[in-house]
Structures are given as structure tokens and as C-alpha cells.
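Here are my notes for our chat about this structure. Keep the viewer open while you read, and go through the points in order.

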Amino acid sequence: MCTQPGAALHLHDFGILNMDWLVKNVTYRPHCHFCVTPNGTFNFIFAHPDPPTPVPGKCSQWILLADHRRGLQNVTEFDHRLLQAFTLVTEDPEGTYKDQDAVWSKFETIFLTISGLVHYAPVFKDYVLQALLELHQDRVLYLELRAMLFPVYELDGSLHDRKWSVRTYKEMACQFMEQHPDFLGLKIIYSDHRFRSTSLVAQSVQAAMELRASFPRTVAGFDLVGREDTGRSLYYYREALGIPASHGFPLPYFFHAGETNWQGSPVDRNLLDALILNSTRIGHGFALTKHPAVWADLWKKGIPIEVCPISNQVLKLVADLRNHPAAVLMATGYPLVVSSDDPAVFGASGLSYDFYEAFMGIGGLEADLRTLKQLAINSIKYSALLPGERKAALHLWEQSWDTFIAELAGTSD
Ligand SMILES: O=c1[nH]cnc2c1ncn2[C@@H]1O[C@H](CO)[C@@H](O)[C@H]1O
């Protein structure tokens, strides 16, 4: 199914582009080294002439990948091993990931593993362009990216700061838009991990305010990411998250909240704090139906839930999509947007697969073209686009929807 999904509002920086590209393109570039950690996972670095010595006990000596491949009998098998290290895909998911701890552990390891590849400046730029291409081919017209903005490095080890990364995201998006006038760019939701100390999160909130002030059209706001069940609650960070308001600085929040199967824990209570902290949208909001009062209040304020069906299945929040809480939300008319979270890590791509799942599994037997249309319109309506940008996006989307319908009518003749 290649519909007109509109905007992708819930995506994470380096989980969006097919991991095959990292294996086949990036690891074949010159000066790519790898080492192996005591747990058997890979680390990568691009460096010339020599990479810095790894911290003893943390990783083996660096090995130049080109040399390593030259010495191998079966390069395809090695590349397959790399690909397996970059995704959650396995032939035996139930056996491989016995519980949520197992799947989340590998999930976080993947982001660490690919970090040395994607944070190398030339790769970083190409990643953005390639990812936009993949999403654009899937007819996504605009995206909002949760990005951690870790330092990006050059071959000589010099580092770029967050501002450089935001500027580069912006430049790459502009470059892409010049070649694809039917694409409307991206915005960044700067994100920190919910495992960090309160003082570090306070620093990140301040950094978010500075970034938002410097790039008001590119930086949409701030979020806290990472596994909620084992991470810290929004309440835990209340002082840090109160900093913008205490300065009279309107920093929009886009919180992950209630991405849990539990009820009555600080984790599902994140929904309450997301409401109190005026979150613009809620990521996942899986626990929402267990909190009718919060549900009603969020609804009154028009706060949409970002639903990521494949992510919820892979990370084991839902066994049967037909019982996804979003089915209840959709049946009641609660505003939803569908997104794909980290499609590359899940072995999917773009946004279509999640639209398909939402349509087939969550929408029920009466889901039809109107469902798809509403979801796409929601993705533009609830985006962080400015009013003028939103109007343009809606106009562009309507044109592509009309073409899509005409094509559909044509094929059924
Ligand atoms: O579905 C999700 N829920 C919570 N955190 C996530 C999800 N997907 C990705 N990340 C977080 O984003 C970081 C990479 O930018 C990952 O390290 C992971 O913690």
C-alpha cells in the first residue's frame, strides 16, 4: 500500500534509514575501524591516521574494516552479522527476546553500536539526505525528528556541537527540498535520555531553550526518551522541566508518556505530568485508556496521541494489534497520528508499514479511505508547522491525495 500518509511526527534520529545502507555503503568507506566489546557487540570509528586507543577492558584494539574484509573467506556472512547487529530482526523473535528486558536491551545496544558510524560528519550528512529520500519515496511530505544531538566528529577527531548538527539538519533538508519541491522539510525535537541525572537534564532543557531561540523554525521543542518502565518519571525531573516556564520562555514539550503495560505506577502517571506540563502531543500514550480523567482533559485540550503500531508490537507492549488501546481511542474519535518510531531497527521502512498496521489492525472492519485521509490530515494539523507552513502542507497533501484517488479509480477500471 502506498497511500498519502502526510507527515511523520514520531521518528528517532538514527532509526529511520534502512540499516542495509549502513552496512553496504558506510562500513565500506575508507578509514572505517571497528572493535569488539567484552559483550561481543561492535563499536565503530572513522579515523586517520590512527584512531585513539580504546579504553582497556571496554573494547578490543581497533581493526581497519577494509583489512578485516580482505582476510575473510566469506564477506557476505560478515556483512550479514553486521546487519543483524543493527536491527532487531531475527528468525525466532519469541526465542531471541524472551521478555521486554531482552528486546529493550538489544534495542538500546543498536543505537550505541551504530553511533560511531552515524556521528561521523560526512556520514551524518548523507544519512539525513538518504533518510529523506527513503521517506519521500514513501510519500511522506514532512517530518519531526526526536534527535539527541550527540557530538558529530571529523576524521581528525575534532568535534561539532549541537548547533552545528541542527544547522546541518536544516541545510540538508533545504538541499533536499531544492531537488524535491513537493517535500516540506523537517523539524527537530531535541531529546535527552530519561536515565540521566536531574542536573544533566536541567542542562539539556537549557540547551533546548537556546536551540529553540537560535533556530525557531527548525527546533520544535524538547522530549525525554528511552524506556519508560526502567527510566525516570517526568515528575522526577519536575524542577528541570519547570525551568522554561520560570524564565517565561515558551518551550514546547513533546513527551513520550505512558509507553508501558503497567497501571498505577509512576510510569503511567507520566501521562498526568505530560498533561500538567502542557505537552503539545503525547508519544505512544499506551496507558491512556486506564486514566479516563487524563484522557478527557487531554481530549478537551486537543492533544493527540502519536501511535506507532510496529514499535508497540516489537517492543512487546501489544500482543494482538486489535486490542491496541489506540483502537479504543480511534473508535471514540480521539485525535491520533500514526508514525513509525524507528522503522529501520524493526526491519520496516518509511511510514507505510505502520499505516497499514493502523488501518488493518487498529481501525477495525469499517476502516476505509476516510480513515487514511483523517490520519493524514491529523498528521499535518497536529504538527509543529507554523500556520502558514501548515496551510501550504495541507494544500500540497490535498493535491497528492486527489492524484492518489484518481490513480485508485484508474486501477479499478
Ligand atoms: O519507542 C521508543 N520509546 C522510547 N525511547 C525510544 C523509542 N525509540 C527510540 N527511543 C530512544 O531514542 C534513542 C535514539 O535517539 C534511543 O537510544 C532510545 O532510547
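1. Which residue is the bridge partner of Cys32 in β3? That partner is Phe46. Before you click any further, keep in mind that this is a predicted model. Cys32 gives you a handy way into a bigger pairing: strand β2, residues 32-36, is joined to β3 by five bridges, and the two run antiparallel.

2. Now step back to the sheet that holds this pair. It is an open sheet of three strands, ordered β3-β2-β4, with antiparallel pairing. The edges are taken by β3 (42-46) and β4 (63-64), and each has just a single partner strand, so one side of each is left without a neighbour in the sheet. While you look at the strands, here is a general habit to remember: side chains in a regular strand alternate between the two faces of the sheet.

3. Stay in that area for an oddity. What kind of peptide bond joins His48 and Pro49? That bond is cis, with omega about 10 degrees. Pro49 sits in the loop between β3 and β4. I flag this because most peptide bonds are trans.

4. Two more backbone angles deserve a look. His284 has a positive phi of about 75 degrees, though it is not a glycine, and Asp341, also a residue other than glycine, has a positive phi near 65 degrees. These stand out because most residues other than glycine have a negative phi. Where are they? His284 belongs to strand β11, residues 282-284, while Asp341 lies in the loop between β13 (336-338) and α15 (352-362).

5. Are these two residues buried or exposed? His284 is buried, as 27 other C-beta atoms lie within 10 Å. Asp341 counts as buried too, with 26 C-beta neighbours inside 10 Å. The reasoning is a simple count: a residue is called buried if 20 or more other C-beta atoms lie within 10 Å of its own.

6. The strand of His284, β11, leads us to another sheet. This one is open and has four strands in the order β10-β11-β12-β13, with parallel pairing. At its edges stand β10 (256-257) and β13, each with a single partner strand, so each has one side left without a neighbour in the sheet. For one pairing up close, take β12 (residues 305-307) and β13, which pair in the parallel sense over three bridges. Ile305 has Leu336 as its bridge partner in β13.

7. Go back towards the start of the chain and find β1, residues 6-12. Seven of its seven residues are buried, so this strand is largely enclosed by the rest of the structure. Five bridges join β1 to strand β5 (residues 140-147), and the two run parallel. If you want one pair to click on, try Ala8, whose bridge partner in β5 is Leu143.

8. Next, the ligand. Which residues come nearest to it? Of the 13 around the ligand, they are His12, Asp13, Phe111, Val225 and Gly226. Sorted by class, the shell has three nonpolar, five polar and five charged residues.

9. How is the chain divided? Domain 1 covers 6-16 + 111-401, and domain 2 covers 19-106. Their centres, taken over C-alpha atoms, are 27 Å apart. The contact uses 17 residues from domain 1 and 22 residues from domain 2. On the side of domain 1 that touches domain 2, α5 (100-118) and α6 (121-137) each supply at least two residues, and α5 gives the most, with four residues. By class, that side of domain 1 has ten nonpolar, five polar and two charged residues.

10. For one residue worth following by hand, pick Trp21 in helix α1, residues 19-24. Trp21 is partly exposed, with 17 other C-beta atoms within 10 Å. Leaving aside its neighbours within four places in sequence, Trp21 is in contact with Val26 and Gln130. Trp21 and Gln130 are 109 residues apart in sequence, yet their C-alpha atoms are 8.8 Å apart in space.

11. Last, a word on the record. UniProt, in an unreviewed entry, lists residues 99-394 as "domain: Adenosine deaminase". In the model, that span is 48% helix and 13% strand, and its end C-alpha atoms lie 42 Å apart.

Terms used:
Residues numbered from 1 in each chain as written. Predicted model: local features only at pLDDT ≥ 70, side-chain atom pairs only at ≥ 80, totals over all residues. Pairing = 2+ DSSP bridges. Near = placed C-beta within 6 Å. Nonpolar A, V, L, I, M, F, W, Y, C, P; charged D, E, K, R; others polar. UniProt positions renumbered as here; feature names shortened; annotations may be inferred. Domains from an automatic or database assignment. Contact = placed C-beta atoms within 7 Å. Buried ≥ 20, exposed ≤ 12 C-beta atoms within 10 Å, placed from the backbone.
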